[in-house]
Amino acid sequence: MDNVFDYEDIQLIPAKCIVESRSECDTSVTLGGHKFKLPVVPANMQTIIDENLATKLAENGYFYIMHRFQPETRIGFIRDMQSRGFIASISVGVKEDEYAFIEELAATHLVPEFITIDIAHGHSNAVIRMIQHIKKHLPTSFVIAGNVGTPEAVRELENAGADATKVGIGPGKVCITKIKTGFGTGGWQLAALRWCAKAATKPIIADGGIRTHGDIAKSVRFGASMVMIGSLFAGHEESPGETIEIDGKVVKEYFGSASEFQKGERKNVEGKKMYVEHKGRIQDTLIEMQQDLQSSISYAGGTKLEAIRNVDYVIVKNSIFNGDKVY
Ligand SMILES: NC(=O)C1=CN([C@@H]2O[C@H](COP(=O)(O)OP(=O)(O)OC[C@H]3O[C@@H](n4cnc5c(N)ncnc54)[C@H](OP(=O)(O)O)[C@@H]3O)[C@@H](O)[C@H]2O)C=CC1
Ligand SMILES: Nc1nc2c(ncn2[C@@H]2O[C@H](COP(=O)(O)O)[C@@H](O)[C@H]2O)c(=O)[nH]1
């Protein structure tokens, strides 16, 4: 790896505008044969998404991935979503029970449109075996596999049958993997995305480290088809995390999927909990994200997301915020 950089080190270079209004710019994306309003998906974490929010997102044309931490609810969830004409998009792990779960889905002809294999170290035989198991029993489900951080991993998971890979080991806001293990893409997630995207022949989902809406455009520039976001979606009215008051301020909890709060025990903990300011309705954030991305497309000199992929960029090491706070 030669050029190592992260989101805050990059500025995209504007090209001549070809629209009269930013509203002409189209932020939609197609994944797995389905069209979504934004190339953005809330993280499949217990304090970020639940059944209610998943339904709301699906109803309004956004992609969602339900988390895997209440495994017994998944069959009812798939039935419910599909009976309402929505896509069913669920997560699985790689432990023994998950094999039986996939077989049960196949036996009952319950076929989720999207299945995400969600483990910390996705470049593993455990994930390869699970991809093959899903493809054997549910060949029409679109399989997203991760997380990974190298081109070798992307190639191996794609070769095993994954329809998309998810890139990001340790850049998350509530992640402590980088501190506890010394490994990951934390601090160079954007460069890792570019490295992986060069090897990929199928879509990549960039996962973790998004701190501003501009980072979505940067992810698209460096090869992401979709961006998974936790912290920016935490703290909304609809977010499942607990709401409390600290020093007169209303805040909501956001904890890592590998934190003791998720696991219920202090074993192999690689995540922490934080409180984020209450942010109001998620729909307002999604609209603002869309407007900002429309603006990004206009600066890229196009009318569609693809225009962003071709823009030039500069590396401005640690200086784009001029010492300012992000917001
Ligand atoms: N994107 C990221 O950077 C990270 C995300 N996470 C999130 O935390 C959650 C829990 O992840 P995870 O612990 O994988 O899930 P699980 O607890 O379901 O573990 C999955 C399986 O993989 C094994 N495993 C986990 N980590 C490793 C490793 N480093 N090397 C070898 N085997 C391993 C586990 O065994 P055993 O526990 O006995 O080792 C278990 O058998 C997920 O939602 C994941 O997305 C966690 C860390 C990093
Ligand atoms: N290392 C850990 N990573 C985690 C954990 N729980 C979730 N995650 C990852 O973070 C992103 C969200 O990142 P954000 O910067 O947008 O907040 C999420 O999608 C997971 O990949 C964890 O406990 N440890």
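**Figure 1. Arg221 meets an aromatic ring.** The charged end of R221 sits over the ring of F222, 5.1 Å from the ring's centre. Keep in mind as you look that this is a predicted model. R74 makes a similar kind of picture: R74 lies over the face of F101, and here the distance to the ring centre is 3.8 Å.

**Figure 2. Aromatic rings gathered in a cluster.** Which residues make up this group of rings? F36, F63, F114 and F142 form one aromatic cluster. If you search the whole structure, you will find ten aromatic pairs.

**Figure 3. The surroundings of ligand 2.** Here 22 residues surround ligand 2. The closest are T177, D207, Y254, A258 and E270, so start your tour with these five names. Sorted by class, the shell around ligand 2 holds seven nonpolar, eleven polar and four charged residues.

**Figure 4. Polar contacts of ligand 2.** Let us zoom in on the oxygen atoms of this ligand. Through its side chain, R211 places a polar atom 2.8 Å from an oxygen atom of ligand 2. Two glycines take part with their backbones instead: a polar backbone atom of G209 is 3.0 Å from an oxygen atom of the ligand, and a backbone N or O atom of G230 lies 2.7 Å from an oxygen atom of ligand 2. How much of ligand 2 does the protein cover? On its own, ligand 2 has 520 Å² of accessible area, and the protein covers 91% of it.

**Figure 5. The surroundings of ligand 1.** Around ligand 1 you can find 17 residues. R68, D118, A120, G168 and G170 are the closest. The shell of ligand 1 divides into six nonpolar, seven polar and four charged residues.

**Figure 6. Polar contacts of ligand 1.** Both side chains and backbone appear in this view. An N or O atom in the side chain of D118 is 2.5 Å from an oxygen atom of ligand 1. The side chain of N147 has an N or O atom 3.3 Å from a nitrogen atom of the ligand. From G170, a polar backbone atom is 2.7 Å from an oxygen atom of ligand 1. Taken alone, ligand 1 exposes 860 Å², and the protein buries 63% of that.

**Figure 7. Two spots with unusual backbone geometry.** Most residues other than glycine have a negative phi, and most peptide bonds are trans. What kind of peptide bond joins G146 and N147? The bond is cis, with omega at about 0 degrees. You can place N147 in strand β7, which covers residues 142-148; N147 is also the residue whose side chain has an N or O atom 3.3 Å from a nitrogen atom of ligand 1. The other spot is H109, a residue other than glycine with a positive phi, near 55 degrees. Where is H109? Look in the loop between α3 (96-107) and β6 (114-118).

**Figure 8. How confident is the prediction?** The protein chain averages a pLDDT of 96, and 96% of the residues score at least 70. For the model, the scores are ipTM 0.96 and pTM 0.97. Where pLDDT is low, the predicted coordinates should not be read in detail.

Technical notes
Residues numbered from 1 in each chain as written. Chains lettered and ligands numbered in written order. Predicted model: local features only at pLDDT ≥ 70, side-chain atom pairs only at ≥ 80, totals over all residues. Heavy atoms only, no water. pLDDT = per-residue confidence, 0-100. Near = heavy atom within 4 Å. Polar contact = N/O pair within 3.5 Å; in protein donor to acceptor, adjacent residues only side chain to side chain. Areas by Shrake-Rupley, 256 points an atom, 1.4 Å probe, with all protein chains shown as cover. Nonpolar A, V, L, I, M, F, W, Y, C, P; charged D, E, K, R; others polar. Phe/Tyr/Trp six-rings, centres within 6.5 Å; stacked < 30°, edge-to-face > 60°. Lys NZ or Arg CZ within 6 Å of the ring centre and 35° of its normal. Helix = DSSP H or I, 4+ residues; strand = E, 2+ residues; numbered from the N terminus.
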